[in-house]
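Visitor: Please take a close look with me at the bonded cysteines of this chain, and tell me what the pairing is when they are numbered in sequence order.

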Amino acid sequence: MLRPSARGSKGTVENAAFREVEDNTKRRKHRHHGSIVTWVFYGFSLCLLILLCWTKMKSSSKYHRKNPYISLKETKEDNFPEKQSDLSVAENKKNKFIQPPEFDTDGTTRIHVVFSTDCSDYQHWQSYAVFYSAMKIGQSGKVTRIASGCSDTQAKEVTQWHKEHIQIPMSDNFLLHLTPDFKSVKTEDGKKAGKYDYFNKPFGLLHWLENGESMGIDPSTKRLTNENVVIVLIDPDMILLRPFSSDFSNKQETLFNVENEEWVTKVQHGKPFASKYGLGTDWRRFNLTEIAGTNSPSKQVDEKDAEYHYAVGPPYLATGRDMYAIAKKWADFAPRVHREFPYLLAEMYAFCIAAAHLNLPHKLVKSLMISSWDCDFEGWLFIDRLSGNDACRLAQSPNHEENPVPNVIHYCQTYHVGDWFFSKYKFASNFFSCECPLLETPPSTIGIINYVTKRNGTRVHIKEKQSKRDAFMLCGIISLFNEAANLFKTTKCESYIFTAYDKTLRYFVG
């Protein structure tokens, strides 16, 4: 501030002070104007970034959710698919022109693989993996997803999604069949009393048999129009390692649960096949009179026969004629079994009773499936022959001539070796999308790791058998899912700049 003694008269000082204030005001206005421009620029940039992120989110399917049990590790060069053995972009594009064979290996039998789902996100990603695995191995015939309980909006969305993401890039032999919702539990007088999700399996199958594409009922005979087709009923949490066939005569690739048994080796009328499950013979102790009737043949099945021919689960293989007969009784019996046993597996016990009621014993086939490392009645012998170092390699690239493999991996359990872990219940529902990274690949030596890391960081020793078997499951699941996701990205995400090909997705115990 200027002092009067230094600047002369009072007026001169006041004028000088006024000019100084005016200059300071102009400078403040100039700075304020600059701040506004700066903030406008930042705001515009932020809006542009939000718009790009929104576009990225919209580019993938509606089935997106964050998963708290995964971790994204820092991206490394060797995590990109072109550095690994996954399908390349060119290979994926070529695959969409591959059509599976029309007939089974005998050149005459038609195979139709079916699986039942609801319309949830959880079973949507499982379905994509089923179709991809069927395409990869060249499964003959048709594959149909039976989706039950979709709302009108969901039905339109899933139909369009199936066309764009399944039929066009994979095969037009991969079909979708929609049914009503069958989950309701009803009392004997018809009142609703809750729900049981797995009623969709028997009722959905029956609906498809009577109304599905290439299926249906002849109105004059009331019989299935396609009785000779071999139907393979699987679960949605199964991925195919080799094609299903109606012929089990090849001893190199077929393992039976009961050896030296007088039985045909080919699926035919009256001779269905299936996997053995740990259901035992408990169904014989249900009230079979109430469930199946006073004179039901199921009441005549003894303990040994029940164990050897009726303790069954998916994959089930039967002719169309037999599967339709079973489906009708299965749908009749399932609610009755559930009234007596309102727990998980009620519908599976009902299948056993339906088959026994119809005098349709199943030939049990070990080599159809593997699921849990401690179930020796599954097809683990193929895996046990391998060294620990080879288990992961064969799972990632099955070579049936080098070493036979089971037909399916049934990932219904948790799998854990070292720090590597997988559970379908913790899997990200948006995995098959543009922005979700691929799964981190386990080391090839995972089959010789002899411990599991617990949640608190401690290591617990595991048996060699568990290590090798779980390593096979982990490597097979992760490899197949990455290949399927890679196909999704290369066929549907080319125009999106945020498409994630890095292998940084990792699951941990939690």
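Guide: Counted along the sequence, the bonded cysteines of the chain pair as 1-2, 3-5 and 4-6. That makes 3 disulfides, a disulfide being a pair of cysteine sulfur atoms within 2.5 Å. The structure is a predicted model, in which local features need a pLDDT of at least 70 and side-chain atom pairs count only at pLDDT 80 or more, while totals for chains, interfaces and linings use all residues. Residues are numbered from 1 along each chain as its sequence is written, and side-chain values use heavy atoms, with hydrogens and water left out.

We can begin with the pair Cys119 and Cys150, whose sulfur atoms are joined at 2.1 Å. The torsion about this S-S bond is 90°, and the link of Cys119 and Cys150 is right-handed. Cys119 sits in the loop between strand E2 (111-117) and helix H4 (121-137), and Cys150 in the loop between strand E3 (142-148) and helix H5 (152-167), so this bond ties together parts that are 31 residues apart in sequence. The names of these elements follow DSSP runs numbered from the N terminus, with helices (H or I) of at least four residues and strands (E) of at least two. Cys119 counts as buried, with a relative accessibility of 9%, and Cys150, at 18%, counts as buried too; here buried means under 20% relative accessible area, exposed over 50%, and partly exposed in between, with a 1.4 Å probe and protein chains only.

The next pair is Cys392 with Cys475, joined at an S to S distance of 2.0 Å. With -100° about the S-S bond, the link of Cys392 and Cys475 is left-handed. Because Cys392 belongs to helix H12 (residues 388-396) and Cys475 to helix H13 (residues 464-492), the bond ties together parts of the chain that are 83 residues apart in sequence. Cys392 counts as buried at 0% relative accessibility, as does Cys475 at 1%.

Since Cys392 lies in helix H12, a short detour to Pro398 takes us just past it, into the loop between H12 and strand E15 (408-410). Pro398 counts as partly exposed, at 30% relative accessibility. Leaving aside residues up to four places away in sequence, Pro398 touches Leu241 and Val405, where contact means heavy atoms within 4.5 Å. From C-alpha to C-alpha, Pro398 is also 9.7 Å from Ile137, although the two are 261 residues apart in sequence.

The remaining disulfide is formed by Cys434 and Cys493, with their sulfur atoms 2.0 Å apart. The torsion about the S-S bond of Cys434 and Cys493 is about -85°, so this disulfide is left-handed. Cys434 is in the loop between strand E17 (420-422) and strand E18 (438-439), and Cys493 is in the loop between H13 and strand E21 (503-507), so that distant parts of the chain, 59 residues apart, are linked. Both Cys434 and Cys493 are buried.

Two further cysteines deserve a word. Cys352 counts as buried, at 0% relative accessibility. Cys412 is in no disulfide, and the nearest cysteine sulfur, that of Cys375, is 8.1 Å away.

It remains to ask how confident the prediction is. The chain averages a pLDDT of 86, and 80% of the residues score at least 70, pLDDT being the predictor's confidence in each residue, from 0 to 100. Over residues 1-18, however, the pLDDT is below 50, and this stretch has 7 contacts in the model beyond near neighbours in sequence. Residues 54-97 also stay under a pLDDT of 50, and for them the model has 91 contacts beyond four places in sequence.
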